[in-house]
Each structure stands twice: as C-alpha cells, then as structure tokens.
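Trainee: I'd like to go through this one with you, piece by piece. Can I throw questions at you while we look?

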Amino acid sequence: MSGDLGALYQEVIIDHGRQPRNFGELEGATGTAEGFNPLCGDQLTLYVKLADGRIADIAFQGTGCAISQASASLMTMALKGKNKQEALALFGRIHVMLTEGPNGHAQPEELGKLAVLSGVWEFPVRVKCATLAWHTLRSALEAAGEQVSTE
Ligand code: ZN
C-alpha cells in the first residue's frame, strides 16, 4: 500500500484508535467475552446483545495499540443488525484480507470501512492486533448461547 489511499486509511485507523466508537459496557448484553493478544498487550472485553438471532447492539472496552482499538471500533460499526452467520462470514473475509493481502481473494471494496485495515497484512506481527476483536466476537457469540441461524 502506498500513496494517498494508504495515508487515508492510516488517518481512519488513527481516528478510530483515538476515539473508538461503541466504546463502553453494554447494558443488557446477552454475551460477553474477553480477548488478549500477548504479543502486543492488547486486551478487550466485547459485549453483544442478540435479539431474534441478530446483533441488536454491540460494544467493547479495552486498551491496546491503535490497530486493535480501531479494528474493534470498525467491527462494532459493521456488525449491528447482522446475524451470527453474516458476522462470521465477514470475519472470514477480513481474515483473508489480513493474511493474504492482494495475493488472496480478498475484495476490500466489499468490506466498507473495514478495508482500511487491508494494509495490515504487510506487517504479520500486527495481524493479531487486527483480528483480536474478531476472535473475541466469535467467543462472545458462542457465549451468547443462541443457535446459529440456519436460514
Ligand atoms: Zn496491538
């Protein structure tokens, strides 16, 4: 990644890293999980509220580097209203983007704002920072105890 797009992506990451959205404890959460990335020291607690099989609300708290915070912030923005399958499918696409970069079949344009993390694949040590929120999400959805929708 280089040039203007890289600079723009960097700006969004810094913005979300400094002022994460959906930050704080979520009242009435039906599932919570904690995640920790020992490589960097990032830690976060994720709260999800499931209703009718969908993520009615989602929030997180935690501390860590800008990438971990921005990734969690952008994730919570992307997931409201999605069901578990959609959320996990999005994680799959993010994972490909972060681990294979432009050599894989990632299509950042499908990922909306989450595409700002597409440059992270060039820094393998940072991939765990960017995926921490998503791994924690999976645990939180499992902890939420609803069946995965089969629609
Ligand atoms: Zn980190």
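Trainee: Let's start with Cys40: is Cys40 buried, partly exposed or exposed?

Mentor: Keep in mind that we're looking at a predicted model. Buried would need a relative accessible area under 20%, and exposed one over 50%. Cys40 comes out at 34%, so the label is partly exposed.

Trainee: Which residues coordinate the zinc ion?

Mentor: Look for the donor atoms around the metal, which sit at 2.2 to 2.7 Å. There are SG atoms from cysteines, and Asp42 is listed with OD twice. The residues are Cys40, Asp42, Cys65 and Cys129.

Trainee: What spacing do the donors of the zinc ion follow along the chain?

Mentor: Read the donors in chain order, beginning with a cysteine and then the aspartate. Two further cysteines follow, and the pattern is C-x1-D-x22-C-x63-C.

Trainee: How many residues apart in sequence are the parts that Cys40 and Cys129 tie together?

Mentor: Cys40 lies in the loop between β1 (31–37) and β2 (42–51). Cys129 belongs to helix α4, residues 124–143. The pair therefore ties together parts whose separation in sequence is 89 residues.

Trainee: And Cys129, is that one buried or exposed?

Mentor: Use the cut-off again: buried means under 20% relative accessible area. Cys129 has a value of 1%, so Cys129 is buried.

Trainee: Moving to the sheet, what is the order of its strands?

Mentor: It's an open sheet of 3 strands with antiparallel pairing. β1 and β3 stand at the edges with a single partner strand each, so one side of each has no neighbour in the sheet. On average, neighbouring strands are turned by 20 degrees against each other, direction ignored. The order is β1-β2-β3.

Trainee: Over how many bridges do β1 and β2 pair?

Mentor: You can follow the register residue by residue: Gly35 stands opposite Leu44 in β2, and Glu34 stands opposite Thr45 in β2. The sense is antiparallel, and the count is 7 bridges.

Trainee: Which residue in the turn of the β1 and β2 hairpin has a positive phi?

Mentor: The hairpin leaves 4 residues between the two strands. A phi of about 90 degrees turns up in that turn, and the residue is Gly41.

Trainee: Which residues make up the uncovered face of β1?

Mentor: Split the strand into its two faces. The covered one has Gly31, Ala33, Gly35 and Asn37. The uncovered one has Thr32, Glu34 and Phe36.

Trainee: Now the core. Which residues touch the most other members of the largest nonpolar core?

Mentor: That core has 40 residues. The elements giving two or more residues to it are α1 (3–18), β2, β3 (54–63), α2 (66–79), α3 (84–100) and α4. The largest share, 9 residues, comes from α4. The residues touching the most other members are Leu79, Trp134 and Leu137.

Trainee: What does Leu79 touch?

Mentor: Leave out residues up to four places away in sequence. Trp134 and Leu137 are among the contacts. The full set is Ile55, Ile58, Ala87, Leu90, Trp134 and Leu137.

Trainee: How many salt bridges does the structure hold?

Mentor: One joins the side chains of Asp15 and Arg21, at 2.9 Å from N to O. Another joins Arg54 and Glu86, at 3.3 Å from N to O. Lys80 and Asp57 form one as well, their closest N and O atoms being 3.3 Å apart. The total is 3.

Trainee: How far apart along the chain are Arg54 and Glu86?

Mentor: This pair links distant parts of the chain. Arg54 is in strand β3 and Glu86 in helix α3. Arg54 is partly exposed at 31%, and Glu86 is partly exposed at 35%. The separation is 32 residues.

Trainee: And where does Lys80 sit, given that Asp57 is in strand β3?

Mentor: Those two are 23 residues apart and again link distant parts of the chain. Lys80 has 40% relative accessibility and counts as partly exposed, while Asp57 is partly exposed at 23%. Lys80 sits in the loop between α2 and α3.

Methods. Residues are numbered from 1 along each chain as its sequence is written. This is a predicted model: local features need pLDDT of at least 70, side-chain atom pairs count only at pLDDT 80 or more; totals for chains, interfaces and linings use all residues. Side-chain values use heavy atoms; hydrogens and water are left out. Donors are N, O and S atoms within 2.8 Å of the metal (3.2 Å for Na, K and Ca); water is not among the atoms, so sites may look incomplete. Buried means under 20% relative accessible area, exposed over 50%, partly exposed in between (1.4 Å probe, protein chains only). A nonpolar core is a set of buried Ala, Val, Leu, Ile, Met, Phe, Trp, Tyr and Cys residues joined through side-chain atoms within 4.5 Å. Contact means heavy atoms within 4.5 Å. A salt bridge is a side-chain nitrogen of Lys or Arg within 4 Å of a carboxyl oxygen of Asp or Glu. Two strands pair if DSSP finds at least two bridges between them. Axes are lines fitted to C-alpha atoms, for helices over the stretch in contact, and angles run from 0 to 180 degrees between N-to-C directions.
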